[in-house]
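User: Hi! Could you walk me through this one? I'd like to go over the fold and then the charged pairs.

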Amino acid sequence: MTRPPTAAQRRVIDAADPVTGRLRGTPAQLAALVGRGLAFRHPRPPHDHFLTPAGHRIREAGPEPEPGSAPAAAHDSPRAGTGVFAARVGGEEEPPDGGPARLREVRSAWQGLLELRRMTNPDGAVDRPCGWERTHLVPAAALALEAAGHRPAGPGAAGPDADRPDAGGYRVRATPQPDAVAVRGPDDGTLRDCAATLEKAGWQTSEHTDPRNRTRYLLASPRRV
């Protein structure tokens with residue numbers, strides 16, 4: 001079994017950019033993370049270091065519990081209360097406060113994601129989703145929508161009523177398809193606007209009808225070369 005990262009390495013991982021995974025640390029710390037397969041050094045200048053998928057998994061799992069501390073409840077989110085940015089997927093029970101601060105966070109996260117595309121896509125393209133987005137479909141699609149100014153659904157869209165179109169705003173959800181998410185909205189106009197935004201952000205979309213309630217929804221997947 002692979003031994004966990006040291007406390008110093010864990011601090012570097014936890015401090016990584018929440019969207020791009022870009023790391024800051026001493027050369028020795030970064031080299032150690034690369035050696036353990038938790039980070040990689042980008043081949044193009046300025047040769048920044050980024051988390052690998054394994055490094056992202058460690059970061060997203062949250063900090064290790066202190067010895068003797070009570071384990072977290074099974075339903076607790078590892079990001080809850082950490083202050084780490086998370087894109088609005090719609091229907092959150094406790095959505096973040098809106099306002100200028102949130103707008104700045106969303107704008108910064110989107111610019112960071114574009115930079116990650118530039119740094120990690122083989123051809124440096126920023127108009128096509130990168131590897132991180134393909135392994136984080138729901139937050140990636142939600143960030144594209146929120147950054148473009150679309151309104152996410154409020155708390156009324158959570159729980160058993162998540163598929164009701166009258167909840168208002170967009171909702172991004174995982175699907176059984178490993179490379180696609182479902183985007184729902186209160187009306188056809190919202191879906192068309194969401195489709196246009198996602199396609200501009202490098203996703204391909206198609207409209208479908210839910211056989212259970214006859215509501216329309218989008219399937220969206222990252223566009224390939």
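User: Let's jump right in: is E115 buried or exposed, or somewhere in between?
Analyst: Somewhere in between. E115 has a relative accessible area of 25%, so it counts as partly exposed. Keep in mind that this is a predicted model.

User: Which residue does E115 form a salt bridge with?
Analyst: The partner is R118, and the closest N and O atoms of the two are 2.7 Å apart. Both residues sit in helix α4, three residues apart, which is about one turn of the helix.

User: Why does a spacing of three suit a pair like that?
Analyst: An α-helix has 3.6 residues a turn, so residues three or four places apart point the same way. Side chains of opposite charge can then pair when their charged atoms come close.

User: And how accessible is R118?
Analyst: R118 is partly exposed too, with 32% relative accessibility. There is also a network here: salt bridges with shared partners join E115 and R118 with R22 and D48.

User: Nice. How many salt bridges are there in the whole structure?
Analyst: A search of the whole structure gives 12. Another one in α4 links E105 to R102, with 3.6 Å between the closest N and O atoms. Those two are again three residues apart, about one turn of the helix, and α4 covers residues 100-120.

User: What about burial for E105 and R102?
Analyst: E105 is partly exposed at 42% relative accessibility. R102 has a relative accessible area of 9%, so it is buried, the cut-off being under 20%.

User: Which other acidic side chain meets R102 in a salt bridge?
Analyst: That would be E146, at 2.9 Å from N to O. This pair links distant parts of the chain, since E146 is in helix α6 (residues 137-147) and R102 in helix α4, 44 residues apart. Both E146 and R102 are buried.

User: Is α6 mostly covered or mostly open?
Analyst: Mostly covered: nine of its 11 residues are buried. Besides E146, the buried set in α6 includes L137, V138, L143 and L145, along with the alanines A140, A141, A142 and A144.

User: What follows α6?
Analyst: G149 does, and its phi is positive, near 95 degrees.

User: Changing topic: where does Q9 lie?
Analyst: Q9 is in helix α1, which spans residues 7-14. With a relative accessible area of 9%, Q9 is buried.

User: Which side chain does Q9 make a polar contact with?
Analyst: The side chain of Q9 makes a polar contact with that of R36, at 2.9 Å. Setting aside neighbours within four places in sequence, Q9 is in contact with A32, L33 and R36.

User: Let's zoom out. How many helices and strands does the protein have?
Analyst: There are seven helices and six strands. Starting at the N terminus, the order is α-α-β-β-α-α-α-α-β-β-α-β-β.

User: And what share of the residues is buried?
Analyst: Buried residues make up 40% of the 225 residues in the protein.

User: What share of the contacts joins residues at least 24 apart in sequence?
Analyst: It is 54%, counting contacts between residues at least 6 apart in sequence.

User: Last one: how much area does the protein expose, and what do carbon and sulfur supply?
Analyst: The protein exposes about 12500 Å², and carbon and sulfur atoms supply 55% of that.

How values were computed. Residues are numbered from 1 along each chain as its sequence is written. This is a predicted model: local features need pLDDT of at least 70, side-chain atom pairs count only at pLDDT 80 or more; totals for chains, interfaces and linings use all residues. Side-chain values use heavy atoms; hydrogens and water are left out. A salt bridge is a side-chain nitrogen of Lys or Arg within 4 Å of a carboxyl oxygen of Asp or Glu. Helices (H or I, at least four residues) and strands (E, at least two) are DSSP runs, numbered from the N terminus. Buried means under 20% relative accessible area, exposed over 50%, partly exposed in between (1.4 Å probe, protein chains only). A polar contact is a pair of N or O atoms within 3.5 Å; within protein, one must be able to donate a hydrogen and the other to accept it, and residues adjacent in sequence count only if both atoms are side-chain atoms. Contact means heavy atoms within 4.5 Å. Accessible areas come from the Shrake-Rupley method with a 1.4 Å probe; for residues, only the protein chains shown count as cover.
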